[in-house]
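Visitor: I am new to this structure and would like a close look at one part of it. Please start from a single residue and work outward.

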Amino acid sequence: MARPYLFIGIATLVASFFALDSGKVSIAVIMVSAALFTLIFTVVKKKKVISGIILVVVCLLVAIRLCSATYFVESKNKALEGRTAQITGNIVRIQENESNFSRYTLKIEESSLKIAKGLKVSAFIPADSSLIPGDKIEAKVVFEAPTEKYKRANFANGRYYNCTVESFQNLKEPSLNLNRAIHFVREEIRESISKGGSSEESAVLLALIIGDKSNISKQLSLNVKRAGVSHMLVVSGLHLGILCGFVFRLLQSRIGRLGYVLLGSAIVVFVAAICLFHVSVLRASIVYLVMLLSRLVLKNYDSLNSLGLGIILVVLIFPYAFYNVAFLLSVSATFSVIGPADMLIKAVSFNKMGVVLGKVMGYVYGVLVISVCAIICTLPITVYYFGFVALIAPITNLVVSFAVSVALIVGVFAVFISFLPFGQFLCLPFFAVARAAAGYFIFAVNTIGSTEFGVLKLPNNSALLCFIFALFFVLAVKIFYDLKLSRKERALSAKRKNLKISP
């Protein structure tokens with residue numbers, strides 16, 4: 001087993017799937033089986049006793065975490081169901097804020113029910129309350145049993161408890177915490193972006209920079225899905241990679257390995273914070289941080305093993321992570337890039353075409369390969385949840401990927417400048433460039449998406465067949481890459497022999 005952490009990461013995701021339905025026996029069977037497999041391959045086959053023990057401990061930790069979380073959440077909800085309480089709490093996050101209702105994540109500090117103290121709950125208020133993160137309230141709440149629909153929508157985000165606020169009072173004693181500070185920073189960014197330009201362009205920049213898609217029109221959102229570029233408007237590992245990659249190339253060799261890790265970590269934390277530590281962004285950040293730190297700590301760094309370790313950490317923090325679609329798409333897309341796509345890119349060279357043409361062809365080939373691999377690896381998820389797959393996605397990615405990179409990099413730079421002295425004026429030219437790139441993205445996506453060309457509709461129950469197809473594709477790429485590698489090694493060996501024979 002070359003990549004044990006990837007194997008355990010996959011097993012952890014499967015166990016997370018059963019955790020929502022209180023499948024404690026299933027969780028135990030899956031993780032114990034994973035521990036036995038890793039033990040056989042590391043200790044018995046490779047004689048790595050310490051590594052085997054560490055891997056078994058990881059499997060047991062995952063099993064204990066999932067089983068205990070399932071039991072704890074289930075018992076708490078049964079104890080709270082239908083009960084009324086007077087509580088004092090802080091607003092942590094705005095989930096929804098409409099004209100006739102609001103829903104917030106509320107941290108309960110004090111409660112007439114001792115069992116509710118310290119819990120984070122999803123609080124429904126049947127009116128627009130205009131509360132913001134950091135506000136402190138007193139309220140009368142009624143706890144409700146989570147439905148299956150609620151579980152699948154909220155448990156993955158760490159909101160295990162649900163209540164309706166019958167009456168509340170804003171204590172006007174705001175809690176000076178990180179969430180409140182970030183809220184005001186986001187409002188400043190929103191104001192800077194909204195100066196000039198169409199509302200649609202500003203909406204795209206808001207989605208790219210602070211992860212807020214609420215202002216994107218339904219038509220554009222639909223066309224984005226049809227064009228197969230939904231991932232570009234959801235802040236994830238792709239956006240972290242774009243920002244980190246740009247900064248690293250800009251600095252090049254001026255920073256060492258430690259500087260590389262520290263700077264990359266700072267960028268990741270900044271992006272996660274500015275996106276309100278949203279669960280999908282936070283998970284992508286955890287995976288990316290693990291991959292960064294692995295470069296510093298591990299001698300034999302392996303991206304796929306680091307991805308597996310990132311998955312394990314995410315599930316340890318969010319036991320029901322499997323039910324977050326954005327997380328599943330992020331994991332499968334990341335796997336496609338550092339797995340089959342990386343192998344296919346390394347297997348083909350355009351050096352014989354010259355420097356300029358070789359770079360152009362390499363870029364086009366790389367974008368197409370990454371897009372195709374991402375489509376195939378995310379196919380089971382997109383078919384199961386959305387019922388269709390956009391076959392036109394490789395072309396759309398090739399057409400708009402550069403514009404998204406420009407809009408994101410220049411937009412973030414403009415945001416940074418806007419907080420400097422006279423920044424509100426100095427940032428305008430950069431926001432103009434970012435809006436132009438966003439405008440091109442909108443035009444291209446609307447043109448391609450409105451035709452519905454390349455949209456293949458598939459029934460949800462075909463997700464299993466799609467998974468089998470994706471698995472065979474990955475295996476075929478692996479075999480192809482190994483064959484190409486062995487041919488190169490044989491050619492290099494023959495060349496060395498010829499050099500030794502020749503006088």
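Where is the place of E81, and what lies around it?

Guide: A word first: this is a predicted model. E81 sits in a loop, between helix 3 (49-80) and strand 1 (84-97). E81 is partly exposed, because its relative accessible area is 48%, and partly exposed covers the range between 20% and 50%. Leaving aside residues up to four places away in sequence, E81 touches F143 and A145. Another residue to look at is Y161. It is 80 residues from E81 in sequence, yet the two C-alpha atoms are 9.5 Å apart in space.

Now follow the chain into the strands. Five strands close into a barrel. Their order is 1-2-3-5-4, and the pairing is mixed. From one strand to the next, the twist averages 55°. Helix 3 packs on this sheet, where it touches strand 4 (136-144) and strand 5 (161-170). The direction of helix 3 makes about 50° with that of strand 5.

Strands of a sheet pair through backbone hydrogen bonds, either parallel or antiparallel. Here is how that looks at the start of the barrel. Strand 1 and strand 2 (residues 102-111) run antiparallel, joined by nine bridges. The two form a hairpin, with four residues between them. Two places are worth finding. T88 has E110 in strand 2 as its bridge partner. I87 stands opposite S111, also in strand 2.

Strand 2 has a second neighbour. Six bridges join strand 2 to strand 3 (residues 120-125), and this pair runs antiparallel. T105 has its bridge partner, S122, in strand 3. How enclosed is strand 2? Seven of its 10 residues are buried, so strand 2 is largely enclosed by the rest of the structure.

S122 leads on to another residue. N154 is found in helix 4 (residues 148-154). N154 touches S122, along with Q95 and R159, not counting residues up to four places away in sequence. N154 counts as buried because its relative accessibility is 9%, and the cut-off for buried is under 20%.

Now leave the barrel for the helices. Two packed helices are described by the angle between their axes and the distance between the axes. Take helix 6 (199-210) and helix 14 (393-418). Their axes come within 10 Å and cross at roughly 75°. Helix 6 and helix 14 are therefore roughly perpendicular to each other. On the helix 6 side, the contact uses L205, L208 and I209. On the helix 14 side, these meet V404, A407, L408, G411, V412 and V415. By class, the contact has eight nonpolar residues, one polar and no charged ones.

Both helices also help to cover helix 16 (residues 428-449). The cover over the buried residues of helix 16 includes helix 6 and helix 14, as well as helix 5 (178-194) and helix 7 (218-227). Among the buried residues of helix 16 are F431, R435, F441, I442, V445 and I448. G439 and G449 are buried in helix 16 as well. The length of helix 16 can be checked too. At 1.5 Å a residue, its 22 residues should span 32 Å. The end C-alpha atoms are 30 Å apart, which agrees.

How values were computed
Residues are numbered from 1 along each chain as its sequence is written. This is a predicted model: local features need pLDDT of at least 70, side-chain atom pairs count only at pLDDT 80 or more; totals for chains, interfaces and linings use all residues. Side-chain values use heavy atoms; hydrogens and water are left out. Buried means under 20% relative accessible area, exposed over 50%, partly exposed in between (1.4 Å probe, protein chains only). Contact means heavy atoms within 4.5 Å. The expected span of a helix is 1.5 Å times one less than its number of residues. Axes are lines fitted to C-alpha atoms, for helices over the stretch in contact, and angles run from 0 to 180 degrees between N-to-C directions. Angles under 35 degrees count as roughly parallel, over 145 as roughly antiparallel, 65 to 115 as roughly perpendicular and the rest as oblique. Ala, Val, Leu, Ile, Met, Phe, Trp, Tyr, Cys and Pro count as nonpolar, Asp, Glu, Lys and Arg as charged, and the others, Gly among them, as polar. Two strands pair if DSSP finds at least two bridges between them.
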